[in-house]
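These are my notebook entries on a single chain. I began with one residue and worked outward to the helices around it.

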Amino acid sequence: MAYLEEAIAEARQAMLSRKKAMLAAYLIDAYADRLFAARNEPAGDVLAFRAELAAANPALALVLELVAGRAELVTEAVEVPLAEYGKLSVEDFMVSLYNQHSVQRVRIVTADARHDVHEVLEEAVRALRGQ
């Protein structure tokens with residue numbers, strides 16, 4: 001878990017690195033398999049276990065979908081409402097001033113939604129800690 005949390009922190013530090021975000025996603029996916037192996041059920045169904053995990057937490061479901069190739073990781077401009085400018089880092093604030101109040105973000109894109117990858121990764125890890 002410590003290695004996984006470190007990967008999440010590194011991805012957060014490099015906000016626009018799709019590579020670091022995907023590494024964290026792959027580690028989350030692998031951790032789900034380790035949880036199954038720790039159950040020590042030789043006749044168990046790993047796919048059913050993963051489906052249960054996904055059903056219990058939407059963020060974890062998104063990460064599993066991303067790793068399976070059923071969702072996509074993209075970098076795109078995201079508009080920042082003026083009321084949220086106080087939450088921006090100095091760097092993002094400066095970028096937004098010159099880009100019509102938008103900043104670049106890495107997002108998970110599914111057929112019907114877009115999600116900030118870093119928020120999803122952190123929520124997925126919280127869900128795994130509870131297992």
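**Entry 1. A starting residue**

In which helix is Ile8 found? I located Ile8 in helix H1, which spans residues 2–13. I note at the outset that the model is predicted.

I then asked whether Ile8 is buried or exposed. Its relative accessibility is 9%, and with the limit for burial set at under 20%, Ile8 therefore counts as buried.

Next I looked up what Ile8 touches. Setting aside neighbours within four places in sequence, I listed Ala24, Ile28, Leu121, Glu122 and Val125 as its contacts. For Leu121 I also took the C-alpha separation from Ile8, which is 6.9 Å although the two residues lie 113 residues apart along the chain.

**Entry 2. H2 against H6**

I turned to helix H2 (residues 18–38) and helix H6 (residues 117–129). How far apart are the axes of H2 and H6, and at what angle do the helices pack? The axes are 11 Å apart and the angle is about 20°. Angles under 35 degrees count as roughly parallel, so I recorded H2 as roughly parallel to H6. The crossing of H2 past H6 is left-handed.

I then listed the residues that make this contact. H2 contributes Ala21, Ala24, Ala25, Ile28, Tyr31 and Leu35, while H6 contributes Val117, Leu121, Ala124, Val125 and Leu128. Sorted by class, the contact of H2 with H6 comprises 11 nonpolar residues, with no polar and no charged ones.

**Entry 3. H4 and its surroundings**

How many of the residues of helix H4 are buried? I counted 8 of 11 in this helix, residues 58–68, and entered H4 as mostly covered. The buried residues are Ala59, Leu60, Ala61, Leu62, Val63, Leu64, Leu66 and Val67.

I also looked up what covers them. The cover includes H2, helix H3 (46–56) and H6, together with strand S1 (72–79), strand S2 (102–109) and strand S3 (114–116).

Both ends of H4 received a note. At the N-terminal end, Asn57 acts as a cap, with a side-chain oxygen 2.9 Å from the backbone nitrogen of Ala59. Just after H4, Gly69 adopts a positive phi of about 85°.

**Entry 4. H4 against H6**

What angle do H4 and H6 make where they pack? I recorded about 115°, with the axes 8 Å apart. Because 65 to 115 degrees counts as roughly perpendicular, I entered H4 and H6 as roughly perpendicular to each other. H4 passes H6 in a left-handed crossing.

On the H4 side the contact is made by Ala59, Leu60, Leu62 and Val63, and on the H6 side by Val120, Leu121, Glu123, Ala124 and Leu128. By class I found 8 nonpolar residues, no polar residue and 1 charged residue in the contact of H4 with H6.

I noted that Leu121 of H6 appears in the contact with H2, in the contact with H4 and among the contacts of Ile8.

**Entry 5. The whole chain**

Lastly I looked up the chain as a whole. The protein chain has 6 helices and 3 strands, and along the sequence they follow the pattern α-α-α-α-β-α-β-β-α. The C-alpha atoms fill a box of roughly 60 × 30 × 25 Å along the principal axes. Of the 131 residues, 41% count as buried. Among contacts with a separation of 6 or more, 62% are between residues 24 or more positions apart.

Definitions and conventions: Residues numbered from 1 in each chain as written. Predicted model: local features only at pLDDT ≥ 70, side-chain atom pairs only at ≥ 80, totals over all residues. Heavy atoms only, no water. Axes fitted to C-alpha atoms, helices over the stretch in contact; angles between N-to-C directions. Helix = DSSP H or I, 4+ residues; strand = E, 2+ residues; numbered from the N terminus. Parallel < 35°, antiparallel > 145°, perpendicular 65-115°, else oblique. Left-handed = near helix turned anticlockwise from the far one by under 90°. Contact = heavy atoms within 4.5 Å. Nonpolar A, V, L, I, M, F, W, Y, C, P; charged D, E, K, R; others polar. Buried < 20%, exposed > 50% of the residue type's maximum accessible area, 1.4 Å probe, protein only. Polar contact = N/O pair within 3.5 Å; in protein donor to acceptor, adjacent residues only side chain to side chain.
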